[in-house]
There are 2 protein chains.
Amino acid sequence: MHMRNRIGSPWLKGRLRCCGYKITIGREAILDVISKADTHLSAEDIYIKVHSMCPNIGLTTVYRTLEIMVKMRLLHKFDFGDGRARYEIAKSEEGENHHHHLVCTNCNRVIDYNDFIDEEVRLLKETEKGLSRKYNFKITNHLIQFYGLCEKCENLRIKRK
Amino acid sequence: MHMRNRIGSPWLKGRLRCCGYKITIGREAILDVISKADTHLSAEDIYIKVHSMCPNIGLTTVYRTLEIMVKMRLLHKFDFGDGRARYEIAKSEEGENHHHHLVCTNCNRVIDYNDFIDEEVRLLKETEKGLSRKYNFKITNHLIQFYGLCEKCENLRIKRK
DNA sequence: ATACTAATGATAACCATTTTCATTATGTGT
DNA sequence: ACACATAATGAAAATGGTTATCATTAGTAT
């Protein structure tokens, strides 16, 4: 199932209902916007986009909706270090859309990658098993990010010298 | 060299000086507090500890000092999702003190682990090499965190059912 | 339709972090 | 030691993302 098919479809309705949440225009619009986005949106980014379609949806609702969708695991919430949280759609099927991030510490640009993911995930799975056992810790999620300088910023740094 | 030997030693002075920073009581005290801490301290935690020794050091200075020490790579800054940054001393020698985190999404407890680190780091190094080449991205750092429920919170969850 | 209750928007509050700016302390050249 | 240039500092205010409050609206089971 593709992201775009979720919109207006029974898919979200079912997810919301079975978690005890009601179905509203706002919630559909917000998931719609995030599904279609090709970058990692902040709450305000989402608000602006949603608001342009449904002007009677406020920033407060955006925050509240993001919170419940993160709790429902429909969305992932990230901190890339620029003081505002970013959201992206969670993988729809096993593995699909799963990726990690390269974060430029200079310009805050974020590159998604899904090369090398298979090896990473395999090792993570093994690691998780060992950690779960040793620390009695039930792992539900992981975060892998590489920090450094993107091409542009690294070139600027060299020129400046 | 052990952490505790850094305090009052020429070590920090050299690091500061060669980066163009001046040596002050505050900076020494702040690094001292973080070196001796066995948990991940927030800026306010650090402020309170430093302030009890040197009452004329303000929160602003703590923030400023943390910022430059992160930039100097003396400290690592983390976000464990509770709205305030946490700081810990960076590894002193190659690999020493290096660890990753298990973060409880319920109570925000953080467990450091350094089992499995060797395999993880080996894979990361390989991954970094590939990513650097493919995306022209100069990687200087990485972040690995596992999220889930610590023993206590998982037990509570089960009981509640 | 009705009633019950969750969801919402506007506003204010919150709170970690930054900025401002006048004052103080540090390192350098003498 | 001394003075100078300038970085560092503290107090206070500002900033800005996020959360709480509360009266109103809207979804849903009956």
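**Close-up views of the chain A and chain B interface and of DNA strand C**

**View 1. A:Phe146 stands opposite B:His142, a residue of β6(B).** The model shown here and in the other views is predicted. Strand β6 of chain B covers residues 138-149. It pairs with β6(A) in the antiparallel sense, and the pairing runs over 11 bridges.

**View 2. Chain A and chain B bury about 3400 Å² between them.** Carbon and sulfur atoms give 67% of this area. In residue terms, 38 residues of chain A are in contact with 38 residues of chain B. The size of an interface is often given as the accessible area lost when the parts come together.

**View 3. Three salt bridges are found across the interface of chain A and chain B.** A:Lys138 forms a salt bridge with B:Glu154. The closest N and O atoms of this pair are 4.0 Å apart. Between the two chains, 14 residue pairs are in polar contact, with both residues at pLDDT 80 or more.

**View 4. On chain A, the side that touches chain B takes two or more residues from each of β4 (100-104), β5 (110-113), α5 (117-135), β6 (138-149) and α6 (151-160).** The largest share comes from β6(A), with 12 residues. Sorted by class, this side of chain A has 18 nonpolar, 12 charged and eight polar residues.

**View 5. DNA strand C has 19 residues around it, drawn from a surface to which both chains contribute.** Those that come nearest are A:Asn56, A:Ile57 and A:Thr61 from chain A, with B:Tyr63 and B:Arg84 from chain B. Sugar or phosphate accounts for 67% of the strand C atoms within 4 Å of the protein, and bases account for the rest.

**View 6. Polar atoms of A:Gly58, B:Ile23 and B:Lys22 lie by oxygens of DNA strand C.** For A:Gly58, a polar backbone atom is 3.0 Å from a phosphate oxygen of the strand. For B:Ile23, a backbone N or O atom lies 3.2 Å from a phosphate oxygen. With B:Lys22 the partner is a base oxygen, 2.9 Å from an N or O atom in the side chain. The elements that give two or more residues to the surface near DNA strand C are α4 (59-71) of chain A and α4 (59-71) of chain B. By class, the residues of this surface are six nonpolar, seven polar and six charged.

Technical notes. Residues are numbered from 1 along each chain as its sequence is written. Chains are lettered from A and ligands numbered from 1 in the order in which they are written. This is a predicted model: local features need pLDDT of at least 70, side-chain atom pairs count only at pLDDT 80 or more; totals for chains, interfaces and linings use all residues. Side-chain values use heavy atoms; hydrogens and water are left out. Contact means heavy atoms within 4.5 Å. Buried area is the accessible area (1.4 Å probe) that two parts lose on being put together, summed over both. A salt bridge is a side-chain nitrogen of Lys or Arg within 4 Å of a carboxyl oxygen of Asp or Glu. A polar contact is a pair of N or O atoms within 3.5 Å; within protein, one must be able to donate a hydrogen and the other to accept it, and residues adjacent in sequence count only if both atoms are side-chain atoms. Helices (H or I, at least four residues) and strands (E, at least two) are DSSP runs, numbered from the N terminus. Ala, Val, Leu, Ile, Met, Phe, Trp, Tyr, Cys and Pro count as nonpolar, Asp, Glu, Lys and Arg as charged, and the others, Gly among them, as polar. Two strands pair if DSSP finds at least two bridges between them. A residue is near a molecule or strand if one of its heavy atoms lies within 4 Å of it.
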